Amino acid sequence: MLTDEEINYLNREILAIYQDMELDLIIDIARRFDTYEKIGGSLEWHLKKLDELGSLNRETVKIIARYSTRSEKAIQKMLKEASFANFDKRTLNKARIDLETMMQSPAMAATFEHSYQELKESFKMIQTAAQESVRQSYMTILNTAYLETASGVYSYGQSISRAMQKMADKGIYGATYKRINPLTGEEKIIHYSIEAAVRRDTLTAVHQTANRAVLAAAEDNGVNALEISSHLGARVSDTNPIANHAGWQGKVYLIEGSSDEYPNFVETTGYGDIQGFAGVNCRHRAFLFWPGISKPGQAQIDLQENRQRRELLDQQRAMERTIRQYKRRRAAAEQCNDLKGFVKADRKVKEKQKQLIRFCNDHSLPREFEREQIAL
């Protein structure tokens, strides 16, 4: 059985591949604009840059294909390791269940294949969104520079520098969603960068694969109870019991039926709902449990302490996103010979890293270096 820390690192190889992809796409856009171009902003320049759109599209396809080929084996490796993540061999031996034999069952094979195809499809959607995002980012920079330079609002160098910063801040989009405010009905468009979309989808896939494997094993072996993991900083909701992970974590549930001691698993945790157990970004894990034989082993976490940690983690994630933002700015500025922008972004990276170090030290939080990277 893997520890929480080990299972959270299963996605590192894939995340590194797609971080490299996103950075390469940003660099490919940035190198097409030079802050020292003499005819920058002229009509002739604008038409020339429009002609380059075809070569940009072709290069984008090449970059994405190169990295997506690398990710195939990484996906299989990650999901295979995830399939074993929630099983304790010693506990299975006591129940007279052989782990290796169990993992070779048709149900387990189907579980792995379902997760594999599901994640491959998610990545195809991310790659398609990325191609369109590259094109849009290039056209935004091109048109902005032409209009701002022609109107005299900014010099060509200033306009390119500002446009590159904006592109680096948002990254290359890997997913776009419509989110509706349940109270006002207002619709909002949410964009995820490639890095953010891949991190979300791989984290979800790892935990869903591990939990699906446990449920398949429970059905194969006649087990009707599951113990759910607990961790400090679990998701909190004051309006939706299913989305309030802090409220149902760390307890034992029955898969079929319920009792005074053990509530029903699906009804209580919302398994199958994107906001519930094993939903998007959920890190909770299920373990086989034998009432009367197994002993509950999950920590019972104080709700107020959990809420405080959740708030601190949200602040930490925001600081990490800012560091990645300035690292992308630095990379883009370097490619388009924007020395001033490079120096400014580099100074900001160091400044934000110092702030994060202080924050983690003040609140006894582990620093998660991989969340500060744009490429490994």
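Here are some exercises, with worked solutions, on the empty spaces and one surface patch of this predicted model.

**Exercise 1. Find out how many cavities of 30 Å³ or more there are, and what volume the largest cavity has.**

Start with the idea behind the search: rolling a probe the size of a water molecule over the atoms shows where empty space is left. Now count: you get 2 cavities of 30 Å³ or more. Then look up the volume: the largest cavity comes to about 70 Å³.

**Exercise 2. Work out which residues and helices line the largest cavity.**

Step one, list the residues. Around the largest cavity you'll find Ser161, Met164, Gln165, Arg329, Ala332, Ala333, Asp338, Gly341, Lys344 and Ala345.

Step two, match them to helices. Helix H8 (156-170), helix H12 (303-335) and helix H13 (339-363) each chip in at least two lining residues.

Step three, sort by class. This lining splits into 4 nonpolar, 3 polar and 3 charged residues.

**Exercise 3. Do the same for the second largest cavity: which element gives the most to its lining?**

First, its volume: the second largest cavity holds about 50 Å³. Next, its walls: Gln19, Glu22, Leu23, Ile26, Glu195, Arg324, Arg328, Gln373 and Ile374 line it. Two elements, H2 and H12, give two or more residues to this lining. Of the contributors, H2 gives the most, with 4 residues. Finally, the classes: 3 nonpolar, 2 polar and 4 charged residues.

**Exercise 4. Describe the second largest pocket: how much space lies in it, and what lines it?**

Begin with the space, which is about 550 Å³ for the second largest pocket. A total of 25 residues line this pocket, and Asp88, Thr91, Leu288, Ser294 and Lys295 are the closest to its centre.

Now go to the elements. Helix H5 (89-94) and strand E5 (286-289) each supply at least two lining residues. The largest share, 4 residues, comes from H5.

Last, the classes: the pocket lining has 10 nonpolar, 8 polar and 7 charged residues.

**Exercise 5. Tyr36 sits in a surface patch: which residues make the patch, and is Tyr36 buried or exposed?**

Take the patch first. Tyr36, Leu339 and Val343 make a nonpolar surface patch of about 330 Å².

Then place Tyr36 along the chain: look in the loop between helix H2 (12-30) and helix H3 (43-51).

Now for the reasoning. The cut-off for exposed is over 50% relative accessible area. Tyr36 has 54% relative accessibility, so Tyr36 counts as exposed.

Terms used
Residues numbered from 1 in each chain as written. Predicted model: local features only at pLDDT ≥ 70, side-chain atom pairs only at ≥ 80, totals over all residues. Heavy atoms only, no water. 1 Å grid on protein atoms, 1.4 Å probe; cavity = no way out; pocket = protein on both sides within 12 Å on 5 of 7 lines; lining within 4 Å. Points joined across faces, edges and corners; volume = space filled by probe spheres on them. Nonpolar A, V, L, I, M, F, W, Y, C, P; charged D, E, K, R; others polar. Patch = residues over 30% accessible without salt bridge, like charges linked within 9 Å, V, L, I, M, F, W, Y side chains within 5 Å. Areas by Shrake-Rupley, 256 points an atom, 1.4 Å probe, with all protein chains shown as cover. Salt bridge = Lys/Arg side-chain N within 4 Å of Asp/Glu carboxyl O. Buried < 20%, exposed > 50% of the residue type's maximum accessible area, 1.4 Å probe, protein only.
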